[in-house]
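Trainee: Could we look at a structure together and talk through the reasoning behind the words people use for it?
Mentor: Happily! Have a look first, and then ask away.

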Amino acid sequence: MTAPQPLLDIRNLEKRFELDRGFLETLKLRGGKLVQEKREVHAVNDISLQVAPGEALCVVGESGCGKSTVARLIAGLLTPSAGEIHYGGDRIDNRSRRAMMPLRKKMQMIFQNPYASLNPRMTIQQALEEPVRYHNPTLSQGEVRDKVADVMRAVGVDPSWAGRYPHEFSGGQRQRIAIARALTVDPEFIIADEPISALDVSIQAQVLNLMLEAKEERGLTYLFITHDLSVVQHFGTKVAVLYLGSVCELSDTATLFENPKHPYTQALLSAVPQLKDDHPNHIRLRGEIPTPINLPPGCPFESRCAHANSRCQSEQPRPLLQPDGALVACHAVEEGRLDG
Amino acid sequence: MSLLSVRDLCVKFAMRDNTVTALNQISFDLAKGERLGIVGESGAGKSITGFALMNLLSRPGFVDSGNILFQGDDIAQMSDAQMRRIRGNRMAMIFQDPMVTLNPVLTIGQQMVETLMAHRKLSKSEAEQIAIVKLREVYIPSPAERLKQYPHELSGGMRQRIIIAIALLLDPQLIIADEPTTALDVTIQADIMELLLELCETNKVGLILITHDLGVVSQMTERTLVMYAGRIIEAGRTREIINDPQHPYTQGLINALPQQTAPGQRLKQIPGNMPSLTAIPSGCPFAPRCEYVQDHCRTDAPETVKYTHVEVACHEVNRLHSDKAEEMTR
């Protein structure tokens, strides 16, 4: 099998956040004795992913599973604790801020809350001009204006409104302006972190359409973070399901929805409220996501899984390739315990 | 007699130099033990409806006209003292964010006992016993220990279960749940919805479920109201509204969902935005976004008419339907 050269290649990525930063915070009373102990949040654990040009990789999972941390690591907003991130063949995770600059033009990020991601004291014109001017210092004033007007038209916001401030726009318009700002520098890769979660249903469709259009017209590659599975099914070409900082299933969108293999993926899919189905048959999960401070030694999903056994408690499952191309990290799938 | 009967309810907000109509002539009924969904997008007036039913509107909002008859008593006319006897007792409300609803400096036990003792003559230990029973009903493990815990010690799903237990403490006849699972993850949402459904069915409690999620409404409720710009634009049996919506807005809302379009294809979007309450167009509020709009839609507000199995406020519903029939025969 000859896969195309991936645009983004993440290898064994890990991110741990220290909880106890100061010396005094590390001191704990244990059995009457003062001991020094550092606690860490294991946000991302040994994740490997590839994104080929033109793909839309969706990362799904519940809150606290590390989706946003992955996005921020790739965008260089956080530094990984271990592992490597390669973009277009070059390693990018250990670059200085200055060395990251040329990459920012190629890689743009869209955030969840357009109320927070646009500066309230800048007009739309100023907000959209800034990145163009910064990344293309040779453009004349007129060229910059034309560029901004073009992008505004492309996202369906009237360019004559450019002198207005963010508060004068609705949520959907604001998110389209945030997308416009990402598009002004003609990026090739967009990291979108829950870009439509804060929007109403009819507005979600508008923004999703805009992102699909931009994908086709500009040949964009996406990393799309979301918790909404119906959006994944519509938008993604590939899906990575995250649980407690680990990938439990990675596969083509169609394959994943037709034949989910990991018990967590199955539970997740069955939990989505359906429109036309009166009595859903959802798989009940025991308990809730454990804290990522003290990770279990075995499978992260073991405490909620109906198929767990002693091996799952002690040994971490490796992602294994299935006949239909899906990567699944599950002992029960590997041993064929789920069949029948 | 129905449990709740709302007639021509108008809610207004007093602004500096005019008033804004947030709810415009809302009428609906809820039978004992019935589950009703209220759907719509933000700004449609769903939550204001919930607040009005609990008589929780605070200035500048006020009930301008209309009646809210709950078991025969008009809530809209009640004093605060009268209302305090009903709230939490005969009707209870569940809000979106459990962290905001629970008092962070009181233990779960204090909050539950406080509610019980405010409404009934009970000793503290009797109240605690009832609290434990209620916590067990919502499947909270080791309930006696939970009573001593503070809200921050519990997870989001657990907190929402406790909110439900508190709402059920005094065996109310009506629960108003305003986006009860929006802040929760899907797997937890499914559990909470199942629990709420089970409790309402076994205790014959009426439920008004306010949500933006059509999937949730479809699975939880028997009847649905669709709201737009402070009006009910369509009402009927949930299954019929989901399967065969009549109002162009309801159709648009359902068609806009990603699962209604083949993967990768353009979604059917509704153009434009919901009008701001300060600038609701005269005539039909949906007219500026409607693809079937006619001249009279822009000038005359549509009456609510019975059409096939639903009630719908649209001038063009007849024509819409004959167009669709034509399309099918073609």
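**Reasoning from the model**

Mentor: Let's start with chain A: of its 340 residues, 44% count as buried. Keep in mind that this is a predicted model.

Trainee: What makes a residue count as buried?

Mentor: The test is a count of neighbours: 20 or more other C-beta atoms must lie within 10 Å of the residue's own. In chain A, 44% of the 340 residues count as buried.

Trainee: How do you know whether the radius of gyration of chain A agrees with that of a compact globule?

Mentor: We set one value against the other. A compact globule with 340 residues would have a radius of gyration near 20 Å, and chain A has 22 Å, so the two agree. The C-alpha trace of chain A spans about 70 × 55 × 40 Å along its principal axes. Chain A has 12 helices and 14 strands.

Trainee: Which residues touch the most other members of the largest nonpolar core?

Mentor: Those are Leu57(A) and Val241(A), in a core of 183 residues. Domain 1 (1–90 + 170–261 + 269–274) and domain 2 (108–169) of chain B both contribute residues, so this core lies between them.

Trainee: What does Leu57(A) touch?

Mentor: Leaving out residues up to four places away in sequence, its contacts include Leu49(A), Val51(A), Tyr222(A) and Phe224(A). For a contact, the two C-beta atoms must lie within 7 Å.

Trainee: Why does the span of helix 8 of chain B agree with what is expected?

Mentor: Helix 8 (residues 186–203) has 18 residues, which at 1.5 Å a residue should span 26 Å; the end C-alpha atoms are 26 Å apart, so the values agree. Among the buried residues of this helix are Val186(B), Ile188(B), Leu196(B) and Cys200(B). Their cover includes helix 10 (263–271) of chain A, along with elements of chain B such as helix 7 (156–168) and strand 8 (206–211). Just after helix 8 of chain B, Lys204(B) takes a positive phi of about 55 degrees.

Trainee: How many residues of each chain are in contact with the other chain?

Mentor: 31 residues of chain A are in contact with 33 residues of chain B. On the chain A side, helix 7 (201–218), helix 8 (229–235) and helix 10 each supply at least two residues. Helix 7 of chain A gives the most, with seven residues.

Trainee: What ipTM does the predictor give the complex?

Mentor: The ipTM is 0.79, and the pTM is 0.86. Chain B averages a pLDDT of 89, with 97% of the residues scoring at least 70.

Notes. Residues are numbered from 1 along each chain as its sequence is written. Chains are lettered from A and ligands numbered from 1 in the order in which they are written. This is a predicted model: local features need pLDDT of at least 70, side-chain atom pairs count only at pLDDT 80 or more; totals for chains, interfaces and linings use all residues. A nonpolar core is a set of buried Ala, Val, Leu, Ile, Met, Phe, Trp, Tyr and Cys residues joined through C-beta atoms within 7 Å. A residue is buried if 20 or more other C-beta atoms lie within 10 Å of its own, exposed if 12 or fewer, and partly exposed in between; C-beta atoms are placed from the backbone. Domain bounds come from an automatic or database domain assignment. Helices (H or I, at least four residues) and strands (E, at least two) are DSSP runs, numbered from the N terminus. The radius of gyration is taken over C-alpha atoms; the globule rule is 2.2 Å times the number of residues to the power 0.38. pLDDT is the predictor's confidence in each residue, from 0 to 100. The expected span of a helix is 1.5 Å times one less than its number of residues.
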